[in-house]
Amino acid sequence: MDFERTTRPEPKIDWFIPIDGDGNKIGTVQAERLPTFQYLKTVAQTADRNGFHSLLVPTRFSNGLFEEGQPLAETWTTVTALCTVTQNIRFLIAVRPGFISTGLFARMVGTLDEISNGRIDLNIVPGGISGDLEKLGENSSHGSRYERAAEFIEACKLLWSSPKPVDFDGTFINLRSATCSPTPSKNLKFYIGGASDKAIQLTAKHGDNYLAWILPTSRLGELLKKVQKEHHLVNRTPSIGMRTHIIARKSETEAWKAAETLLDSRSQTVVSQRNAIFSKNTMEGQKYQIEMHKNHIVDDNLWNGISTVRVNCGTAIVGNYDQVTSKLYDYWKLGIDEFILSGYPHVEECNRIAEEIIPVFKNKLVQE
């Protein structure tokens, strides 16, 4: 895909903070490793030590990997603490507009940016799994959430750019003589995902990075054409990120065995909870993740078995080290600038991918 770039920077490689819990098995009633601060600190420090660029920290209102009432770490508090025990790694913080007053949130961002020494970015999440937002009193329509997100970003940028009190008159957000101090560094970027037209339009106008969940390259290529077209309409060039799980082993046989083992203790209670959610889901991206395929094999070395027990991205690249590296390379050629990876458990797989996948992948890029 031609993104009209004369040169491309080296892709960024990110990791993930498992706020739902972690372990060698997923979809069980309780996580083998609960999402305590001590454990999440270990994950963050492992990724920091391995030189990952950033850590995606999702946001949820109930556990989305184990039984939904199980412990779940709150996003903003978790990031604030993790910033103080890491050195270089950035944090990509998932945020849902509308649950905190915009003026207060802008100040929270400025303060956390100062605490982290300028190491935070924001993943704006306007949509969501059907029924999820309602758990905390949110009853807005899908369309209005994107309109509110646009105002949210505009209002934050206004507050951060003006040394004087500002007014903001919107449909959802209104500010009167509002000020914000401290303000975040100019390094902070807005990441926005979603496969719907409204999500793509929001990214084109207000985002710095578009995030996609992994799909077969042919299907993702079609989606990225829409992203490119929408950005060009507003004279912007997209920067593209992709979220995927990784199951890599020395041999392909070992990798597929690891994929099967990951789910062999899943609970029917958890499966039923996810099915109930997906049966009323309206997210375009989620529909792709839960499509039915024989043995959950979506495409060569792509497996969506994780989607049977996990909300949101449920597809993994599965294969030996060379196959996984080649798959990442194919997505890079498609236009992906940033890869948000994860694997179970997140400590051991962070080390494995840092040692066996990333150096080979980057070497392929140099040869290109």
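Biologist: Glad to look at this with you! Phenylalanine 105 and phenylalanine 152 are both buried, but what makes a residue count as buried?

Modeller: Buried means under 20% relative accessible area, exposed means over 50%, and partly exposed is in between, using a 1.4 Å probe and protein chains only. This is a predicted model, where local features need pLDDT of at least 70, side-chain atom pairs count only at pLDDT 80 or more, and totals for chains, interfaces and linings use all residues. Residues are numbered from 1 along each chain as its sequence is written, and side-chain values use heavy atoms, leaving out hydrogens and water.

Biologist: Thanks! Why is the pair of phenylalanine 105 and phenylalanine 152 called tilted?

Modeller: Rings of Phe, Tyr and Trp (its six-membered ring) pair if their centres lie within 6.5 Å; planes under 30 degrees apart are stacked, over 60 edge-to-face, and the rest tilted. Here the centres are 5.1 Å apart and the planes at 40°, so the pair is tilted. Trp76 joins Phe105 and Phe152 in one aromatic cluster.

Biologist: And what makes phenylalanine 339 and phenylalanine 361 edge-to-face?

Modeller: Their planes are at 85°, with 5.5 Å centre to centre, and over 60 degrees counts as edge-to-face.

Biologist: How do you know that phenylalanine 339 is buried?

Modeller: Its relative accessibility is 0%, so phenylalanine 339 counts as buried. Phenylalanine 361 is buried too, with a relative accessible area of 1%.

Biologist: Lovely. Why is the charged end of arginine 243 said to sit over the ring of phenylalanine 16?

Modeller: The rule asks for NZ of Lys or CZ of Arg within 6 Å of the ring centre and within 35 degrees of the ring normal. The charged end of arginine 243 sits over that ring, 4.3 Å from its centre.
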